[in-house]
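Let's take a walk through a protein, going from the whole chain down to a single residue. Have the picture ready and follow along.

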Amino acid sequence: MYDIIIIGAGPAGLTAALYALRANKKVLVIEAKSYGGQIIKANKVENYPGIDTISGVDFATNLFKQVEAQGLEIKYETVERVTSDKEVITGNGSYKAKAVIIATGVENRKLNLPKESTFVGKGVSYCATCDGNFFKGKIVAVNGGGNTAIEDALYLADICKKVYLIHRRDEFRAEAKYLKELKNKNNVEIILNATITNLNGDDHLESITVSRENKEENIKVDGLFIAVGQEPKNEIFANVCDVNEYGYIITHDEVYTKTLGIYAAGDTRVKVLRQLTTAVSDGSLAATIAIKEMREK
Ligand code: NAP
């Protein structure tokens, strides 16, 4: 029996683990993929108070090591179900705790194009920091208009021969600072009011079909970086949590779900701002509340 099981080893989950371990609790973190969450995709983090600049990978690695030093127990398994009496069932077994913190974050939104999943690792990527180097000297496209897309385009412009930035509107969500930087890159071509309608190639991506003003054109690219936002995957928690129309977990007083002893932290819950700062805030709060409620039982 664990005191707290934390599902997800991104910044929210690892921060919850840090707080719980430092309070001498028996903690298990269960992670489906690898630690770090979405932040590992950030080329540079410059808005975390007290740190001038750090890469997302370094931030995640530092945090992981910090939690490891406190005695972290982590299992790389996929959670399939959580019961209201705090049993967490994975593909490999089941684990019981007094409290569960769901910190599963979000997943990359897909374009849902035919061949999109087939071409992952064969030209299609959702992480420029992870895969950009495979496209050294090549031609790539980035799809999206938020901070991630612009940062990806900036990062890739320093590696690739040419970068197309394709966005479905003529206004960006990204911060002006990044856009200004992008406009100074002479190997970036911005294509606005455009959507990608097809991915072409046999066993790897060779070109993309772009639709603009009712006309379609094929653009030859070696790689496509899809940066069209994220979405939660909370279907498996439907028995213990309510979700909103977009699938985010509805919480009250920040981290409480509708089930006693089950909390949600980080990007996976309904919130105004999804940032590193708010993820770690949620993680610390969820662990602290879980511990307090355990004590008061
Ligand atoms: P985002 O801000 O939600 O932007 C997603 C972009 O993808 C939008 O431009 C959206 O277009 C477009 N899009 C959505 N669905 C699409 C579809 N089906 N087809 C084509 N385009 C589609 O996501 P994000 O850029 O990943 O950023 C997520 C959060 O992390 C934001 O709060 C962001 O500020 C933050 N972030 C911060 C930093 C930083 O501070 N350094 C870095 C990265 C991310 P529309 O604009 O038309 O809706």
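The radius of gyration is worked out over C-alpha atoms, and the rule for a globule is 2.2 Å times the number of residues to the power 0.38. With 297 residues, that puts a compact globule near 19 Å, and the protein chain has 21 Å, which agrees. Keep in mind that this is a predicted model, where local features need pLDDT of at least 70 and side-chain atom pairs count only at pLDDT 80 or more, while totals for chains, interfaces and linings use all residues. Residues are numbered from 1 along each chain as its sequence is written, and side-chain values use heavy atoms, with hydrogens and water left out.

Now for the overall build. The protein chain has 6 helices and 17 strands (DSSP runs numbered from the N terminus: H or I of at least four residues for helices, E of at least two for strands). Its C-alpha trace spans about 65 × 40 × 30 Å along the principal axes. Of the 297 residues, 51% are buried, meaning under 20% relative accessible area with a 1.4 Å probe, counting protein chains only.

Next, zoom in on Thr 83, in the loop between strand E4 (79-82) and strand E5 (87-90). Is Thr 83 buried or exposed (exposed means over 50%)? Thr 83 has a relative accessible area of 15%, so it's buried. Leaving out residues up to four places away in sequence, Thr 83 touches Ile 89, Asn 239, Val 240 and Ile 262, where a contact means heavy atoms within 4.5 Å.
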